[in-house]
Amino acid sequence: MDYLWAFLIGGGICVIGQLLISLTRLTPARILVVFVTAGVFLTALGLYEPLVELGGAGATVPLTGFGYSLGMGAIEGAMESGVIGAFTGGMKATAGGVSAAILFGYLNALIFTPKTKK
Amino acid sequence: MPKPQTAQQKQYQQRVNEKMPRSNTFSQCIRAFVSGGIICCIGQAVRDLGEGPLGLSQDDTAAFTAMVMVFLGATLTGLGIYDKIGTWAGAGSIVPITGFANSIVSPAMEFKREGFVMGVGAKLFSIAGPVLVYGVSASILVGLIAYLMR
């Protein structure tokens, strides 16, 4: 059941992205920025949490889920340690993913060369 | 306000419209749905692995899932496989966090010849940078508002 919901919710979020690309010609970079920011604000409004509870990775794996982690971290940080927490919370919650992206991104860029596209 | 066109220009424009590949939004959405769904199911499997056999806490499971998915996305990009998936999957390969990893590796790989600092080092962030700028700024704003409304 978990997997069905992950599939449906994750797939649904990607369809929203596809519609934005197809209908508004937004570039992928803008899509990523829009999705992260949307994730942060939807989390702040309490609208994203139910999606995470229902869809699990279907809601956390898309970039809106990255925004969810940032937003939740900042809110929890703010509740625990005030203004300092609001600044540290988001980065703390996403540190693993960001650090992994930097390291694995760097290593892959060093090791591999671009494949020629047909 | 479009300029008045000569007959020749009109003919040309008509020809362009005929030849332009028509993107079928509906079939692209189906592809994005299926591929995005599959990627999220892989993420769910990683999550279950973290929560179950590895016995990680909830926060650590979230970090673990992000790290593994980023690793997969970055490595498949390096191997040239992710871009092949992307031509079929469209947004299904862009929106998941594996697409974020792809957006980090691709430009860095492309600009390697410009050196290790301003080539690889800087281009790693050509798309990830804006994502972090807007995401982190928004999170601080939200955190501050939550603090004031507490």
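Here is a short chat about helix α2 of chain A, the contact between chains A and B, and one helix pair in chain B.

This is a predicted model, where local features need pLDDT of at least 70, side-chain atom pairs count only at pLDDT 80 or more, and totals for chains, interfaces and linings use all residues. Residues are numbered from 1 along each chain as its sequence is written, with chains lettered from A and ligands numbered from 1 in the order written.

Biologist: Happy to start with α2(A): how far does this helix reach from its first C-alpha to its last?

Modeller: Helices here are DSSP runs of H or I with at least four residues, numbered from the N terminus. Helix α2 of chain A covers residues 28–44, 17 residues in total. At 1.5 Å times one less than the number of residues, its expected span is 24 Å, and the computed reach is close to that: 24 Å.

Biologist: Which class is most numerous on the side of chain B that touches chain A: nonpolar, polar or charged?

Modeller: Good one! Contact means C-beta atoms, placed from the backbone, within 7 Å, and 63 residues of chain B and 69 of chain A take part. The largest share of the chain B side, 15 residues, comes from α8(B). Counting Ala, Val, Leu, Ile, Met, Phe, Trp, Tyr, Cys and Pro as nonpolar, Asp, Glu, Lys and Arg as charged, and the others, Gly among them, as polar, that side has 4 charged, 18 polar and 41 nonpolar.

Biologist: And how are α3(B) and α4(B) oriented: roughly parallel or roughly perpendicular?

Modeller: Their axes, lines fitted to C-alpha atoms over the stretch in contact, lie 5 Å apart at an angle of about 95 degrees. Angles run from 0 to 180 degrees between N-to-C directions, and 65 to 115 counts as roughly perpendicular. Therefore α3(B) and α4(B) are roughly perpendicular.

Notes: Helix = DSSP H or I, 4+ residues; strand = E, 2+ residues; numbered from the N terminus. Contact = placed C-beta atoms within 7 Å. Parallel < 35°, antiparallel > 145°, perpendicular 65-115°, else oblique.
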